[in-house]
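Thanks for coming. Please have a look at the sequence and the model on the screen, and then I will go through a few places in turn.

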Amino acid sequence: MTAARIRTFSTVSRINLNDPASWEGKVFLTFDIDWAHDEVLADCIDLVEEADVPATWFVTHETPLLARLRANPKFELGIHPNFNFLFNLQTQAGSSAEEVLERTMALVPEATAVRSHHMTQSSTLLNLFRSKGLTHDCNHFIPMTAGITLKPWLLWNDMVRVPYSWEDDIMCIYGQQQSLPGMSDLLSREGLMVFDFHPIHVYLNTEDLQRYERTRPLHYQPEALFQERFNGDGARTALKALLDVGI
């Protein structure tokens with residue numbers, strides 16, 4: 001096993017292309033909160049606060065826990081707009097992409113970082129993001145299995161593109177196909193290190209998306225959902241391993 005590099009945690013909006021030290025040797029821990037029940041979200045916050053590290057939380061909805069997240073000076077809030085309804089001509093999240101974005105930004109007016117639900121993106125959306133004052137886009141997933149050394153880059157509209165290579169639900173799929181490296185091995189590699197977790201998968205310790213799908217009726221019943229938590233290696237143990245390896 002290769003020894004992990006000594007890395008410190010940071011937040012996405014601190015990435016400065018004029019200062020490689022702002023991202024080299026860093027770990028960027030991100031969460032898409034995805035309408036999680038408050039107890040599920042609080043459980044995830046507890047883990048990160050116990051480790052006392054920075055993190056970027058991409059927000060989907062109003063919750064009293066936003067106040068708790070804002071109160072932690074090591075945390076930043078980004079936005080996680082859901083444009084999917086528009087594809088089906090549904091308007092419950094907004095009648096246009098701009099309205100969807102404005103509604104989400106109303107929850108987090110201070111946000112400068114964005115990752116769309118399902119990574120929805122286009123040149124039109126990217127320009128819309130920039131027009132609303134967003135500076136860092138995290139909508140590009142390049143899996144660690146691609147063997148590509150990642151780094152951030154500048155888009156045409158002066159947004160910083162921040163690619164990421166590890167996501168809990170996608171790793172469930174990859175893990176069914178091949179043996180994946182552990183966190184220590186990952187952190188021994190060169191390049192930008194951005195990790196994406198979801199509170200629901202952390203709570204369930206999801207190892208297989210069938211667990212997530214099977215428990216959908218329980219996602220807003222945290223006591224019952226807790227009984228479905230996986231006992232082996234999954235999203236929760238991966239997060240704990242990452243928190244243990246980094247500083």
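I need one term to begin with: a salt bridge is a side-chain nitrogen of Lys or Arg within 4 Å of a carboxyl oxygen of Asp or Glu. This is a predicted model, where local features need pLDDT of at least 70, side-chain atom pairs count only at pLDDT 80 or more, and totals for chains, interfaces and linings use all residues. Residues are numbered from 1 along each chain as its sequence is written, and side-chain values use heavy atoms, without hydrogens and water.

Start with Glu-167, in strand β9, residues 166–167; strands are DSSP runs of E, at least two residues, and helices are runs of H or I, at least four, numbered from the N terminus. Glu-167 is buried but has no salt bridge, and Arg-115, the nearest side chain of opposite charge, is 5.9 Å away. Buried means under 20% relative accessible area, with a 1.4 Å probe and protein chains only. For charge, Lys and Arg count as positive, Asp and Glu as negative, and His and the chain ends are not counted. Leaving out residues up to four places away in sequence, Glu-167 touches Phe-141, Asp-196 and His-198, where contact means heavy atoms within 4.5 Å.

Now the cysteines. How many disulfides does a search of the whole structure find? Zero, with a disulfide taken as a pair of cysteine sulfur atoms within 2.5 Å. The closest cysteine sulfur to that of Cys-44 is in Cys-172, 14 Å away, which is too far for a bond. Cys-44 is also buried, at 0% relative accessibility.

Technical notes: Buried < 20%, exposed > 50% of the residue type's maximum accessible area, 1.4 Å probe, protein only.
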